[in-house]
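The following exercises ask the reader to work from a sequence and a model to a reasoned description. Each task is followed by a solution in steps.

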Amino acid sequence: MKCNEPWEAPVERLYQEMYPALHAYAKRILDNSALAEEAVQDAFCIACAKREDLLRSGEPRGWIVCTLKYVMRNMLRTQAKTANLLSLFQSMEKPDQAEDTVNVDVLFGDIADSEDFQLLKRIALDRCTMLEIAEDLGISVEACKKRVQRARKRLRERLASKRN
């Protein structure tokens, strides 16, 4: 993190001071170094966007830690939702095999080639970070997040139509 504006200097100092400890903490919670790095980066992006709140808070270090906790909670929630959607879809397609370990590409052959399915599979099963996927696709992290959001919505709609 390199500062270009005067207001960025305190955030940059916090980043340099706290990054190793925050990354270790996030890695312990998320059990993935790349996800931990993404979480810490996201927390500091929020700090830059809400710099006035950060700098006015009585304890900027505590503010960053709380922000990191919220970011990690959202990441875990996103992974869980995606895994639940895939699990639900699996149980609807093959109820007798729902508990077995199966190759999801074979199981979902009708949609396995879809970009949506591959995107959700990389998040839920392969535990890829948004940054890793965005880099692979050659898009921004925000664009990747939006694609994931749309893919989840389309999968939910498909599940709803299968139930009816």
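A residue is called buried when its relative accessible area is under 20%, exposed when it is over 50%, and partly exposed in between. The model examined here is predicted.

**Exercise 1. Determine which residues of helix 7 are buried, and how they are placed around the axis.**

Step 1. Helix 7 comprises residues 130-137, and within it Met130, Ile133 and Ala134 are buried.

Step 2. These residues lie on the same side of helix 7, because the arc they cover around the axis is only 100°.

Step 3. Glu135 and Asp136, on the other side of helix 7, are exposed.

Step 4. After helix 7 comes Gly138, with a positive phi near 70°.

**Exercise 2. Describe the overall make-up of the protein and the confidence of the prediction.**

Step 1. The protein contains eight helices and zero strands. Along the sequence this gives the pattern α-α-α-α-α-α-α-α.

Step 2. Of the 164 residues, 36% count as buried. The accessible surface is about 9800 Å², and carbon and sulfur atoms account for 49% of that area.

Step 3. Among contacts between residues at least 6 apart in sequence, 56% join residues at least 24 apart.

Step 4. The mean pLDDT of the protein is 78, with 74% of the residues at 70 or more. Among the elements, helix 2 (residues 33-49) has the highest mean pLDDT, 91, and helix 5 (residues 104-107) the lowest, 49.

Step 5. Residues 94-102 have a pLDDT below 50, and in the model this stretch makes nine contacts beyond near neighbours in sequence. Where pLDDT is low, the predicted coordinates should not be read in detail.

**Exercise 3. Locate Asp31 and state what is notable about its phi.**

Step 1. Asp31 is situated in the loop between helix 1 (8-30) and helix 2.

Step 2. Its phi is positive, about 60°, although Asp31 is not a glycine. For comparison, most residues other than glycine have a negative phi.

Step 3. With a relative accessible area of 62%, Asp31 is over the 50% cut-off and is therefore exposed.

**Exercise 4. Establish whether Met18 is buried or exposed, and which residues it contacts.**

Step 1. Met18 belongs to helix 1.

Step 2. The relative accessible area of Met18 is 9%, so this residue is buried.

Step 3. Apart from neighbours within four places in sequence, Met18 is in contact with Arg61, Ile64 and Val65.

Step 4. The C-alpha atoms of Met18 and Val40 are separated by 9.7 Å, the two residues being 22 apart along the chain.

**Exercise 5. Count the salt bridges and identify which residues are joined with Lys145 into one network.**

Step 1. Side chains of opposite charge can pair when their charged atoms come close. The cut-off applied is 4 Å between a side-chain nitrogen of Lys or Arg and a carboxyl oxygen of Asp or Glu. The count by this rule is five salt bridges.

Step 2. One of them is between Asp42 and Lys145, at 3.7 Å from N to O. This pair links distant parts of the chain, since Asp42 is in helix 2 and Lys145 in helix 8 (residues 141-163), 103 residues apart.

Step 3. The two partners are classed separately by accessibility: Asp42, at 19%, is buried, whereas Lys145, at 29%, is partly exposed.

Step 4. Lys145 also forms a salt bridge with Glu142, the closest N and O atoms being 3.7 Å apart. Lys145 and Glu142 are three residues apart in helix 8, so about one helical turn separates them. Glu142 counts as exposed, with a relative accessibility of 57%.

Step 5. Through shared partners, the salt bridges join Asp42, Glu142 and Lys145 into one network.

**Exercise 6. State how far apart the closest N and O atoms of Arg51 and Glu52 are, and classify both residues by accessibility.**

Step 1. Glu52 and Arg51 form a salt bridge in which the closest N and O atoms are 3.6 Å apart.

Step 2. Glu52, with a relative accessible area of 40%, is partly exposed.

Step 3. Arg51 likewise counts as partly exposed, at 24% relative accessibility.

Key:
Residues are numbered from 1 along each chain as its sequence is written. This is a predicted model: local features need pLDDT of at least 70, side-chain atom pairs count only at pLDDT 80 or more; totals for chains, interfaces and linings use all residues. Side-chain values use heavy atoms; hydrogens and water are left out. pLDDT is the predictor's confidence in each residue, from 0 to 100. Helices (H or I, at least four residues) and strands (E, at least two) are DSSP runs, numbered from the N terminus. Contact means heavy atoms within 4.5 Å. Buried means under 20% relative accessible area, exposed over 50%, partly exposed in between (1.4 Å probe, protein chains only). The arc is that of the directions from the helix axis to the C-beta atoms. Accessible areas come from the Shrake-Rupley method with a 1.4 Å probe; for residues, only the protein chains shown count as cover.
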